[in-house]
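Good morning, everyone, and thank you for making room for this on the agenda. I would like to walk through one structure slowly, starting with a helix and working outwards from there.

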Amino acid sequence: MRLRNIKGAAEAVAISPYCIQSPEKCKGCWRAVFSNGFPIHIEIGMGKGQFITELARQNPEINFIGIERYESVLIRALQKMEQNPLNNLKFICMDAMLLPDVFSEHEVERIYLNFSDPWPKDRHAKRRLTSNIFLDIYNRILMPDGRIEFKTDNKDLFEFSLEEIPSSGWTIDAYTLDLHHDDVMNAGNIMTEYEEKFSAKGNPIYKLIAVR
């Protein structure tokens, strides 16, 4: 994925009060970070933050953590927070492979994966966020009754996920091949920036919910 470098993004992320600079120090005590006992929901690969910011605004009784590895992308979410701060939303700039270093066992209640990089070449399959490698990581940090919500516009990635998730010991609780025309699964749906642009062209959005 080719990203446009934004001058000063790394420096801005490093000093932002909304971005946790040493998240590994918060492992096992994220509720203390938020100064409450609310559940923890995370979005991995949050992009510019439209989805998780709106989700946090609508659900003040839940603590949200947005995870993005690129400063030039995360800076956009930080700018949104500066304009409209939310007490129940924090950000981390890191690679998803480091999740076990940041969250303890059963510390997270829900994981959102929205329009993840499809890594289309077979040799890169292990990098997909719904691969068995990442599913094992999620299994370590999710509560026993926790769940994963996954949305994508990529049919090949979705079909891969429909096979990979059950083969990794998980259950697909529900799925749809056309989210915006599915009254049940689309109820309360919050769109990402990319989802808005893509669905405006009339293309389908795929979604699944996975549980233990």
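Please keep in mind throughout that this is a predicted model. Let us begin with helix H6, which covers residues 132-141 and in which Phe134, Leu135, Ile137, Tyr138 and Ile141 are buried. If you look down the axis of H6, these buried residues fall within an arc of 155 degrees, so they line one face of the helix. It helps to recall that an α-helix has 3.6 residues a turn, so residues three or four places apart point the same way.

What do the buried residues of H6 pack against? Their partners are strand S1 (40-44), helix H5 (99-102), strand S4 (108-114), strand S5 (142-152) and helix H7 (155-167).

That brings us to the largest nonpolar core, which has 36 residues, and within which Trp30, Ile42, Leu99, Phe103, Ile111 and Tyr138 have the most contacts. At least two residues of this core are supplied by each of S1, strand S2 (63-68), H5, S4, H6, S5, H7 and strand S7 (206-211). The largest share, five residues, comes from H6, the helix we started with. As a general background remark, nonpolar side chains in soluble globular proteins tend to be buried together.

To see one member of this core in more detail, take Ile111: leaving aside its neighbours within four places in sequence, Ile111 is in contact with Ile42, Ile44, Tyr138, Ile141, Leu142, Arg147, Ile148 and Glu149. Apart from the core just described lies another one, of 22 residues, including Val13, Cys19, Leu78 and Ile190.

Let me turn from cores to open space. The second largest pocket holds about 320 Å³, and of the 21 residues that line this pocket, Leu55, Tyr112, Glu149, Gly188 and Lys207 are the closest to its centre. Helix H3 (50-58), S4, S5 and S7 are the elements that give two or more residues to the lining. Sorted by class, the lining has ten nonpolar, six polar and five charged residues.

Finally, I would like to point out two places in the backbone. Ser35, in the loop between helix H2 (30-33) and S1, has a phi near 60 degrees, which is a positive value in a residue other than glycine. Ser35 is exposed, with a relative accessible area of 65%. His106, in the loop between H5 and S4, likewise has a positive phi, near 65 degrees, but His106 is partly exposed, with a relative accessible area of 35%.

Terms used:
Residues are numbered from 1 along each chain as its sequence is written. This is a predicted model: local features need pLDDT of at least 70, side-chain atom pairs count only at pLDDT 80 or more; totals for chains, interfaces and linings use all residues. Side-chain values use heavy atoms; hydrogens and water are left out. Buried means under 20% relative accessible area, exposed over 50%, partly exposed in between (1.4 Å probe, protein chains only). Helices (H or I, at least four residues) and strands (E, at least two) are DSSP runs, numbered from the N terminus. The arc is that of the directions from the helix axis to the C-beta atoms. Contact means heavy atoms within 4.5 Å. A nonpolar core is a set of buried Ala, Val, Leu, Ile, Met, Phe, Trp, Tyr and Cys residues joined through side-chain atoms within 4.5 Å. On a 1 Å grid over the protein atoms alone, a cavity is a set of points where a 1.4 Å probe fits but cannot get out, and a pocket is an open set with protein on both sides within 12 Å along at least five of seven lines; lining residues have an atom within 4 Å of a point. Grid points are joined across faces, edges and corners, and a volume is the space filled by probe spheres set on the points. Ala, Val, Leu, Ile, Met, Phe, Trp, Tyr, Cys and Pro count as nonpolar, Asp, Glu, Lys and Arg as charged, and the others, Gly among them, as polar.
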